Amino acid sequence: MPSRFPGVDPYVEGSGLWPDFHHEFITAWRAALRRSLPKHYEARINEEIHLVDLSSGATRKILPDVAVERREAQAAPSEGEAWESTSTTVTLPMPLVEDEIHESWIEIYHRPDRSLVAVLELLSPSNKRGETRSNYLSKRRAVLRHQVHLVEVDLLLAGGRISPPDEYPAADFTALVAHAERPGVCEVRSWNLRDRLPRLGIPLKPPDADAQVDLQEIFDAAFDQGAYGEAIDYAKPPSVALRQADLAWAVERARTTPEW
């Protein structure tokens, strides 16, 4: 089922479906790259897991009652007798100290040497706040230091822009492209909620031309594959911060667009 919106569907972000959508978008992005990359390149999905303290410094535990059931050991039954198993069941506290945040991205390699050429990121809420934001910024700096292209797509309305925020265009969504051979500068595409997502050039190893991908086609493929149109309640307003005019537009669009 296609989205009811011409560009980014604001209901995805506020519905609790973003982690799943992130996975679908990365998968669809990689599929699009496979259709556009020259044969001497390959696109691979990578992932890491961040362990986040749930208690902000203090250990948080679940402390249920301890129940113990015991049976005395018995000799093996003689022929014709029923066997009664000897077992011990114990319920113990299970520490719940950390939460897992899965972050996935795409890496483009040049063949046959398999040198890393570009890193492609779709930002998550965890990239834009707290300790994991610092981790992401460190990773971003490491990518740029190693003369690897960085492509960073932000389809989230919540959270501040990744640095430098003061220099970003005043828009709802952005796509940043930092070329390895042009350190210290980056190109930023920007668009708003009512706009179609743009096409984007993915830089490769010179002298190869950029690989072209259509972000709207990728978004639509991810939305359809994840069946989000069936999971989202479009009868309610989207639970993300929108300008009043855009909120009214989104509610009307969700209400009047027919289901496919």
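The following is a conversation about burial, charged pairs and one helix in a predicted model.

Reader: What kind of model is this, and how are its residues numbered?

Author: The model is predicted, so local features need pLDDT of at least 70 and side-chain atom pairs count only at pLDDT 80 or more, while totals for chains, interfaces and linings use all residues. Residues are numbered from 1 along each chain as its sequence is written, and side-chain values use heavy atoms, with hydrogens and water left out.

Reader: How many helices and strands are there, and what makes a run of residues count as one?

Author: The protein has six helices and 12 strands. Both are DSSP runs, numbered from the N terminus: a helix is H or I over at least four residues, and a strand is E over at least two.

Reader: Why is Glu-152 called buried?

Author: Buried means under 20% relative accessible area, exposed means over 50%, and partly exposed is in between, using a 1.4 Å probe and protein chains only. Glu-152 has a relative accessibility of 3%, so it counts as buried. Glu-152 belongs to strand S8. Of the 260 residues in the protein, 40% are buried.

Reader: What makes the pair of Glu-152 and Arg-140 a salt bridge?

Author: A salt bridge needs a side-chain nitrogen of Lys or Arg within 4 Å of a carboxyl oxygen of Asp or Glu. In this pair the N to O distance is 2.9 Å, so the pair passes the cut-off. The two residues come from distant parts of the chain, with Glu-152 in strand S8 (residues 149–154) and Arg-140 in helix H3 (residues 130–145), 12 residues apart. Arg-140 has 10% relative accessibility and therefore counts as buried.

Reader: What else does the side chain of Glu-152 meet in a polar contact?

Author: A polar contact is a pair of N or O atoms within 3.5 Å; within protein, one must be able to donate a hydrogen and the other to accept it, and residues adjacent in sequence count only if both atoms are side-chain atoms. The side chains of Glu-152 and Tyr-136 are joined by such a contact of 2.5 Å. Contact in general means heavy atoms within 4.5 Å. Leaving aside neighbours within four places in sequence, Glu-152 has contacts that include Glu-121, Leu-123, Ile-162 and Tyr-168.

Reader: How many salt bridges are found in the whole structure, and which residues form a network of them?

Author: The search finds 14 salt bridges. A network links Glu-42, Arg-44, Arg-111 and Arg-114. Within it, the closest N and O atoms of Glu-42 and Arg-111 are 3.2 Å apart. Glu-42 lies in strand S1 (residues 41–53) and Arg-111 in the loop between strand S6 (98–110) and strand S7 (115–122), so the pair ties together parts 69 residues apart in sequence. Glu-42 is buried because its relative accessible area is 9%, whereas Arg-111, at 34%, counts as partly exposed.

Reader: Where does the pair of Asp-233 and Lys-236 stand against the salt-bridge cut-off?

Author: The N to O distance is 4.0 Å, and the pair is counted as a salt bridge. Asp-233 has 40% relative accessibility, so it is partly exposed. Lys-236 has 53%, so it is exposed.

Reader: Why does Asp-9 have no salt bridge?

Author: Lys and Arg count as positive and Asp and Glu as negative, while His and the chain ends are not counted. The nearest side chain of opposite charge to the buried Asp-9 is Arg-4, at 6.8 Å, so the salt-bridge condition is not met. Asp-9 is placed in the segment before helix H1 (10–14). Its side chain has a polar contact of 2.6 Å with the side chain of Tyr-234, and a polar atom of the Asp-9 side chain lies 2.8 Å from the backbone nitrogen of Tyr-11.

Reader: How do you know that the span of helix H6 agrees with its number of residues?

Author: The expected span is 1.5 Å times one less than the number of residues. For the 13 residues of H6 (residues 244–256) this should be 18 Å, and the end C-alpha atoms are 18 Å apart, so the two agree.

Reader: Why are the buried residues of H6 said to line one face?

Author: The buried residues are Asp-246, Trp-249, Ala-250 and Ala-254. Seen down the axis of H6, they fall within an arc of 125°, so they line one face of the helix. The arc is that of the directions from the helix axis to the C-beta atoms. An α-helix has 3.6 residues a turn, so residues three or four places apart point the same way. On the other side of H6, Gln-244 and Arg-255 are exposed. H1 is included in what covers the buried residues of H6.
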